[in-house]
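Hi everyone, thanks for making time. I'd like to walk you through one model today, so let's put it on the screen.

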Amino acid sequence: MPNSQSQANQARFQFQQVLIAVILVALLTPATSAIAQQSTGWSPVIVPRGEYGRKIRSMPIPERPGRPLHVYGNTIRWRHQRRHSNGWSRPMRSIFLGSPTVGR
């Protein structure tokens, strides 16, 4: 009987590891759908280079697209959008679902 309990604990531990890995991948994968890119200006490129990089660097921070791991710039943009919008800003919903509201 102790052997079956040990196997159950091992299976539960493996399940938890897989679940954590799936959640991490889901959270760290940038939203690349066309809808999400259009509605939020989200760009999956973390370090832009070449012409695209020059174009982004020439833009004011509030007008640049949001990018993964760019905490400062994303925060400035979200604050700017919130100050200049009529409604409540939901940036994470916009990034992952493509729309700041449900049903749009």
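Ile 23 is partly exposed, because its relative accessible area is 43%, and partly exposed here means between 20% and 50% (buried is under 20%, exposed over 50%; 1.4 Å probe, protein chains only). A quick word on the source: this is a predicted model, where local features need pLDDT of at least 70, side-chain atom pairs count only at pLDDT 80 or more, and totals for chains, interfaces and linings use all residues. Residues are numbered from 1 along each chain as its sequence is written, and side-chain values use heavy atoms, leaving out hydrogens and water.

Back to Ile 23, which sits in helix H1, residues 2-28; helices are DSSP runs of H or I with at least four residues, strands are E runs of at least two, and numbering starts at the N terminus. What does Ile 23 form together with Phe 15, Leu 19 and Leu 27? The answer is a nonpolar patch on the surface, with about 410 Å² of accessible area together.

Now to Ser 43, in the loop between helix H2 (34-40) and helix H3 (50-57). Ser 43 counts as buried because its relative accessibility is 6%. Setting aside neighbours within four places in sequence, Ser 43 is in contact (heavy atoms within 4.5 Å) with Tyr 52, Pro 65, Gly 66, Arg 67 and Pro 68.

And the whole protein? There are 5 helices and 0 strands, and of its 104 residues, 18% count as buried. Thanks, folks!

Note on methods: Patches are made of residues with over 30% relative accessible area and no salt bridge: like charges are joined within 9 Å, nonpolar side chains (Val, Leu, Ile, Met, Phe, Trp, Tyr) within 5 Å. Accessible areas come from the Shrake-Rupley method with a 1.4 Å probe; for residues, only the protein chains shown count as cover. A salt bridge is a side-chain nitrogen of Lys or Arg within 4 Å of a carboxyl oxygen of Asp or Glu.
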